[in-house]
Structure formats: C-alpha cells, structure tokens
Amino acid sequence: MTDEPLHFEERSFSATALSETAPPLAFEREATTPVENIPQEIPFSFETAATERPTTGIAGYAELPPVNSADKLTRSIEVEQISSAKIQPLGQLHESFIIAVDDEGLLLIDQHVAHERILFDKYRKSETDRPIESQNLLLPETIDLSPAQSEAFQLIENDLETLGFGVMKLSGRTIAIKSIPTDLPASEARNLFAEILDTIENEKKGSPKSTLRDDIAASLACKAAVKINMKLTPEKMHWLIDRLLVTSSPTTCPHGRPVILRLSMKDIERGFHRT
Ligand SMILES: [Zn+2]
C-alpha cells in the first residue's frame with residue numbers, strides 16, 4: 001500500500017494511540033466482515049458519552065483531553081451547507097467512512113448508507129422512469145415459498161418486475177428467480193428475496209402500496225450497496241459523493257440514520273484552543 005491516502009503531515013491519524021479503550025462503533029449488522037475483525041481503536045467515537053471513558057493521566061502532564069470530545073464537536077450536516085463541487089475526498093477511515101474536506105472543514109461520510117440512499121432513490125424512481133436493468137443468473141435460484149410468503153409474493157409480483165427481477169412460477173409454491181437487478185450481487189439474491197417476502201408478510205396486507213414499495217426498495221438498496229470494510233478507489237469515492245448530493249435526502253439514509261457528519265474548522269480550532 002504505497003498510495004496510503006491519509007497524509008496529515010504526520011503519518012496518519014495519531015488519535016488512535018489515545019483511544020485504546022474506545023469501544024467499537026455500532027457497525028451495521030449486515031456487514032460482510034464480522035465485527036470482531038474490526039480493530040478496536042477508532043479515533044472518533046460518536047456514540048459514546050464522554051463520561052464512559054476511563055481517564056488516563058500521564059505523569060507530569062495535564063490530563064489528556066478525552067479523544068471522544070469529537071462527540072460534542074461533530075454534527076450531522078444540513079443539506080444547504082454542502083456543495084459537491086467543493087468536496088474533496090482524501091481517503092477512508094477503516095475502509096468504512098470516507099474522509100473528505102471542503103471549505104467548511106472536515107466531513108465523514110458513511111459509505112454504506114450513502115450508497116444505500118443513492119440506490120433507494122433509484123429504485124423508487126423505477127416506477128415512473130424506465131425500469132431497472134437486470135442480469136440473468138447463470139443458474140436460476142429455485143425457492144419453495146411458505147404459504148404466507150406465497151401470499152406476499154402475489155402482492156408484490158409486479159413491483160419486483162419493475163425493479164429488475166425476473167421470476168417464474170413453477171409448480172405449487174415453488175418459484176425460480178431467473179434474473180436480478182444489475183446492482184445486486186448474485187450471491188445476495190436468495191437472501192434478499194426471503195427478506196423482502198418476510199417484511200411484506202409482517203407489514204400485513206393493509207399497508208398502502210407505497211409503504212410496501214419503500215420496504216422493497218430499502219431492502220434491495222441495503223443488499224446492493226457497498227459494505228463497510230471495503231476499500232474504495234478515489235473515483236468511486238467521488239462518484240458516491242456526487243451522486244449522494246443529488247438524491248432526495250443526502251443527509252439521511254432510508255432508515256433515517258445520518259449519512260454525513262461534519263467537523264467544522266471553527267470547532268476544530270476551538271478543540272485545539274486556537275480561538
Ligand atoms: Zn444497510
């Protein structure tokens with residue numbers, strides 16, 4: 001790795017050294033890499049109260065300020081405050097968060113939920129715009145549906161087609177998935193299908209059609225989006241940021257979580273007692 005992207009004068013984020021006791025971030029459950037494999041040292045811990053950190057003093061020095069003072073400084077961002085043209089991605093933090101800068105300071109972008117937002121908007125639009133492109137599976141996936149799943153399937157059969165699924169009914173409650181949306185890895189097809197049908201079943205039949213479509217689009221977006229713990233090329237980071245900023249809601253994912261955190265120059269300077 002000669003082109004290590006993080007060069008902040010020193011070698012990299014030296015904050016790591018100060019945060020040996022920092023708990024891991026609450027990573028998403030669907031991540032492909034088990035959470036245990038993620039190193040425990042994460043410089044900015046957004047989700048922990050400062051009081052939970054044991055204080056460690058160094059003899060002869062004033063007590064070190066808690067690293068997670070970032071808790072108080074980072075904030076989720078307002079759409080009006082960002083302009084894609086000015087955002088420059090520098091690299092990734094733990095191959096999960098894009099570190100970027102603009103005139104206002106530092107931005108951290110959750111790569112998975114950013115992509116999820118982009119795909120969600122795309123899938124929701126497929127009803128009115130052109131249908132989603134699909135790819136044929138080498139081998140069709142046959143699935144035996146439960147009676148409840150089969151009922152759910154009938155409810156959303158047409159929506160699945162709009163989203164790029166090609167499904168054939170075989171005998172009884174058995175179906176075969178022949179094609180899937182191009183964004184979706186083939187290995188996810190079976191799981192995704194079960195997840196969608198179970199969600200629809202739980203939603204109960206009374207739900208408005210738009211809610212069901214949101215559910216399908218959200219599940220599909222989650223499965224097709226880049227995962228955390230995945231290295232991204234600079235081009236891909238630029239692409240994600242550009243596309244994110246033209247979505248219906250760049251700052252929240254389909255489930256309402258923040259997508260971008262901001263650490264402003266003002267807050268950074270205040271943190272270093274420069275103001
Ligand atoms: Zn997700």
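Helix α4 passes helix α6 in a right-handed crossing. The model is predicted. In it, α4 (residues 147–162) and α6 pack at an angle of about 65°. Their axes lie 11 Å apart. On the α4 side, L155, I156 and D159 make the contact. On the α6 side, the contact is made by L212, R213 and I216. By class, four residues of this contact are nonpolar, none is polar and two are charged.

Helix α6 (residues 209–224) also meets helix α3 (residues 111–125). The axes of α3 and α6 come within 8 Å and cross at roughly 140°. The two helices are therefore oblique to each other, since the angle is not over 145 degrees, where roughly antiparallel begins. The crossing of α3 past α6 is right-handed. From α3, the contact takes in E116, L119, F120, Y123 and R124. From α6, it takes in R213, A217, A218, L220, A221, C222 and A224. Nine of the contact residues are nonpolar, none is polar and three are charged. R213 of α6 appears both in the contact with α4 and in the contact with α3.

Next come the sheets. Five strands form an open sheet in the order β1-β8-β4-β3-β2. Pairing in this sheet is antiparallel. Strands β1 (75–76) and β2 stand at the edges. Each has a single partner strand, so one side of each is left without a neighbour in the sheet. Strand β4 (residues 105–110) pairs with strand β8 (residues 260–264) in the antiparallel sense, over five bridges. In this pair, G105 has S264 of β8 as its bridge partner. Helix α3 packs on the sheet and touches β3 and β4. The direction of α3 makes about 70° with that of β4. Helix α7 (residues 234–244) packs on the sheet as well, touching β2, β3 and β4. The direction of α7 makes about 110° with that of β2.

Two loops of this region were examined at single residues. I82 lies in the loop between β1 and β2. I82 counts as buried because it has 20 C-beta neighbours inside 10 Å, and the class begins at 20. Beyond its neighbours within four places in sequence, I82 is in contact with I77, I87, D102 and L245. I82 and E104 are 22 residues apart in sequence, and their C-alpha atoms are 8.7 Å apart in space. E95 sits in the loop between β2 (88–93) and β3 (97–102). E95 has 16 other C-beta atoms within 10 Å and is therefore partly exposed. The phi of E95 is near 50°, a positive value in a residue other than glycine. Most residues other than glycine have a negative phi.

A positive phi also occurs at H273, where the angle is near 55°. This residue is not glycine either. H273 lies in the segment after α8 (265–271). H273 counts as exposed because it has 7 C-beta neighbours inside 10 Å.

A further open sheet has three strands, in the order β5-β7-β6. Pairing in this sheet is antiparallel. Its edge strands are β5 (134–144) and β6 (166–169), and each pairs on one side only. The twist averages 15° from one strand to the next. Strand β7 (residues 174–181) is joined to β5 by seven bridges, and the two strands run antiparallel. E141 has I177 of β7 as its bridge partner. Helix α5 (residues 189–203) lies across β5 and β7. The helix runs at about 60° to β5.

The loop between β6 and β7 holds S171. S171 is exposed because it has 5 other C-beta atoms within 10 Å, and the class covers counts of 12 or fewer. S171 and D144 are 27 residues apart along the chain. Their C-alpha atoms are separated by 9.8 Å.

Technical notes: Residues numbered from 1 in each chain as written. Predicted model: local features only at pLDDT ≥ 70, side-chain atom pairs only at ≥ 80, totals over all residues. Pairing = 2+ DSSP bridges. Helix = DSSP H or I, 4+ residues; strand = E, 2+ residues; numbered from the N terminus. Axes fitted to C-alpha atoms, helices over the stretch in contact; angles between N-to-C directions. Contact = placed C-beta atoms within 7 Å. Parallel < 35°, antiparallel > 145°, perpendicular 65-115°, else oblique. Left-handed = near helix turned anticlockwise from the far one by under 90°. Nonpolar A, V, L, I, M, F, W, Y, C, P; charged D, E, K, R; others polar.
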